[in-house]
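Student: Could you walk me through one part of this model up close? I'd like to see how the metal site is put together.

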Amino acid sequence: MQIDLHRIPVREVVAGYLNTEEDGVSGMNGRLDIRPKYQRLFRYNVEQQQAVLRTVLKGFPLNVFYWSVSGESGGEPTYEMLDGQQRTLSICEFVEGNFSITDPAWPFPKNFDSLSADDRNKVLAYQLMVYKCRGTEDEKLEWFQVINIAGLKLEAQELRNAVYTGPWLTDAKRYFSRENQAAHKYGKDYVKPGDVKAQALLEKALVWIAGRGDDAICRYMNDHRNDQNALELWKRFRDVVDWAKATFPKVRPQLSQVNWPDLYDRFGSRTWNAGELEQRVRELLADVDVTKKAGIYEYVLSGDERVLNIRAFDDSMRTEAYERQNGICVKCQEHFEIGEMHADHITPWSLGGKTEGANCQMLCADCNRRKSNI
Ligand SMILES: [Zn+2]
């Protein structure tokens, strides 16, 4: 990993400055990506923008900037801005004449053109302290993580996006990284409403295809970074959401808490009757003994009661049953202390038995174990 400190005058950065909604923001005649497409954009307010320009005009130092070497164009390196976006934008927008600044010594606010020639030159000659970093993906990621701890405050997926750049990422962001874009409209009822700007949905889609964990996601992004598009990722996302929508079409808040790719992989190849499933879901939502409602969707497919967190008998129900039995285990007929016994549904919950005193029986530990092993 090579990290060099450079002093770069503002006039080089603002050369050929372009700011368009479509293509993002760039400077240095296209060689500096100030805001890559679809990346989150913090906006400085006017006071913050003015403060940057006053700092520049007075010749005071600004904090360092971080640029990452992203490639090459015409024999010259190209860069992506990792930190310093808003300060750079403030300077460029000012030089473009898009806002004015005030100063107690001036009778009126001035934009760039109404500054004295001397002041204009001060702005253009001002040197930014830029760390340029160049290295392998692994090295960059490690370095970004370290400087992130020191103050950059990027989310994990934003860091990965800064490392695994290429045509695949550009295309993936097209689907997943902005509100009102395909993936959000498509899956909004079936995924948690995350922070789009911090790349949460892109991260979710990656988990759905690559599995959980930073390593799995990085491996996938690295393997695919030079793919010409991210259709595989988009198709996986759509397949999972399509299946979830067809199987459980009724929109409820619990839908967003379900692990859909897991259910799709385990149960997606079977045919399900959405009407019957909906009937079961509705009954279970109304069942007070089901304490984990989001587990209902998995339960109606798998039949595994554990995902529902069936309500346990409380102390008064246990005491009632214990006294009713005179402390005798109903299976082995031996006497035990209450602390040695387990509460059990007489009629199992799956056969309609409720978690209530009348349906409670006390079993000794051994009998209880034997029963649950059946
Ligand atoms: Zn027993």
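Tutor: Here is a look at the zinc site, with a short detour to a few strands afterwards. Keep in mind that this is a predicted model, where local features need pLDDT of at least 70 and side-chain atom pairs count only at pLDDT 80 or more, while totals for chains, interfaces and linings use all residues. Residues are numbered from 1 along each chain as its sequence is written, and side-chain values use heavy atoms, with hydrogens and water left out.

The zinc ion is held by the SG atoms of Cys329, Cys332, Cys364 and Cys367, lying 2.3 Å from it. Donors here are N, O and S atoms within 2.8 Å of the metal (3.2 Å for Na, K and Ca), and since water is not among the atoms, sites may look incomplete. Along the chain, the donors are spaced C-x2-C-x31-C-x2-C. The angles among the four donor atoms run from 97 to 119°, giving a tetrahedral site; for four donors, that label asks for all angles between 85 and 135 degrees. Cys329 is buried, at 0% relative accessible area, whereas Cys332 is partly exposed at 32% (buried is under 20% relative accessible area, exposed over 50%, partly exposed in between, with a 1.4 Å probe and protein chains only).

Now for the detour. Strand 3 (residues 24-27) and strand 4 (residues 32-35) run antiparallel, joined by three bridges; strands are DSSP runs of E, at least two residues, numbered from the N terminus, and two of them pair if DSSP finds at least two bridges between them. Gly27 has Leu32 of strand 4 as its bridge partner.

Key: Tetrahedral: all angles 85-135°; square planar, octahedral: opposite > 155°, others 65-115°. Helix = DSSP H or I, 4+ residues; strand = E, 2+ residues; numbered from the N terminus.
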